[in-house]
Amino acid sequence: LLMAAGIGIARYLRDRKWWLKVHKPIGVTGAVSSVIGLVIGYFMVEMTTGIHFRVLHAAFGGTTVLLAILTPIMGQAFLKRKTNKQQLRLVHRYLGRITILMMAATIALGFAQAGLI
């Protein structure tokens with residue numbers, strides 16, 4: 001939800017002066033939250049089977065966390081660089097979109113793994 005809020009702010013509230021000051025910490029907090037979720041998942045598996053990355057949900061989760069970490073890094077790189085700004089901005093935007101889609105897929109796979117859907 002935090003990363004989706006970050007995308008929404010960047011997409012629909014860009015005309016406000018404060019949008020970037022809110023967009024950046026929300027995105028970083030979303031990325032940190034995904035890392036915390038991965039750590040919690042690791043310890044949950046460790047306490048049960050101890051076999052990590054044996055299901056598709058786990059592989060999607062690991063990939064999603066990697067993307068969630070890369071997205072704010074690319075955003076920061078876009079803001080700090082003097083050259084290739086448009087390319088970095090495009091990469092940042094698409095990483096954010098792909099990350100949101102991967103998060104949704106990971107959640108759906110987790111629900112399926114738990115037998116909820």
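This report walks through the fold, helices and packing of a predicted model.

## Overall fold

Let's start with the broad picture. The protein has 4 helices and 0 strands, and its elements run α-α-α-α from the N terminus on. Along the principal axes, the C-alpha atoms fill a box of roughly 50 × 25 × 20 Å.

Of the 117 residues in the protein, 26% are buried. If you look at contacts between residues at least 6 apart in sequence, 66% of them join residues at least 24 apart.

## Helix α2 and its partners

Helix α2 covers residues 19–47, which is 29 residues. At 1.5 Å a residue this helix should span 42 Å, and its end C-alpha atoms are 42 Å apart, so the expected and modelled spans agree.

Which residues of α2 are buried? They are W19, H23, I26, G27, G30, A31 and S34. An α-helix has 3.6 residues a turn, so residues three or four places apart point the same way. The buried residues of α2 pack against α1 (2–12), α3 (56–80) and α4 (85–113).

## How α1 meets α2

Two packed helices are described by the angle between their axes and the distance between the axes. For α1 and α2, the angle is about 160° and the axes are 8 Å apart. Angles over 145 degrees count as roughly antiparallel, so α1 is roughly antiparallel to α2. The crossing of α1 past α2 is left-handed.

On the α1 side, the residues that take part are L2, M3, A5, G6, I9 and A10. They meet W19, V22, H23, I26, G27, T29, G30, A31 and S33 in α2. Several of these α2 names are familiar from the buried set, including W19, H23 and I26.

## Helix α4 and T99

Helix α4 also has 29 residues, which at 1.5 Å a residue should span 42 Å; its end C-alpha atoms are 41 Å apart, in agreement. Its buried residues are L88, H92, L95, G96, T99, M102, M103, T106 and G110, and they pack against α1, α2 and α3.

T99 is a good residue to zoom in on within α4. Is T99 buried or exposed? Its relative accessible area is 0%, and buried means under 20%, so T99 is buried. Setting aside neighbours within four places in sequence, T99 is in contact with M3, T64, L67, A68 and T71.

## The largest nonpolar core

The largest nonpolar core holds 6 residues in all: L67, M74, F78, L88, L95 and M102. Which elements give two or more residues to this core? They are α3 and α4.

L67 makes a handy entry point if you are browsing the core in a viewer. Apart from its neighbours within four places in sequence, L67 is in contact with L95, I98, T99 and M102. Of these partners, L95 and M102 are members of the core, while T99 is the buried residue of α4 described above.

## After α4

G115 lies in the segment after α4. The phi of G115 is positive, near 80°. With a relative accessibility of 57%, above the 50% cut-off, G115 counts as exposed.

How far apart in space are G115 and I51, C-alpha to C-alpha? The two are 19 Å apart, with their positions 64 residues apart in sequence numbering.

Note on methods
Residues numbered from 1 in each chain as written. Predicted model: local features only at pLDDT ≥ 70, side-chain atom pairs only at ≥ 80, totals over all residues. Heavy atoms only, no water. Expected span 1.5 Å × (residues − 1). Buried < 20%, exposed > 50% of the residue type's maximum accessible area, 1.4 Å probe, protein only. Contact = heavy atoms within 4.5 Å. Core = buried A, V, L, I, M, F, W, Y, C linked by side-chain atoms within 4.5 Å. Axes fitted to C-alpha atoms, helices over the stretch in contact; angles between N-to-C directions. Parallel < 35°, antiparallel > 145°, perpendicular 65-115°, else oblique. Left-handed = near helix turned anticlockwise from the far one by under 90°.
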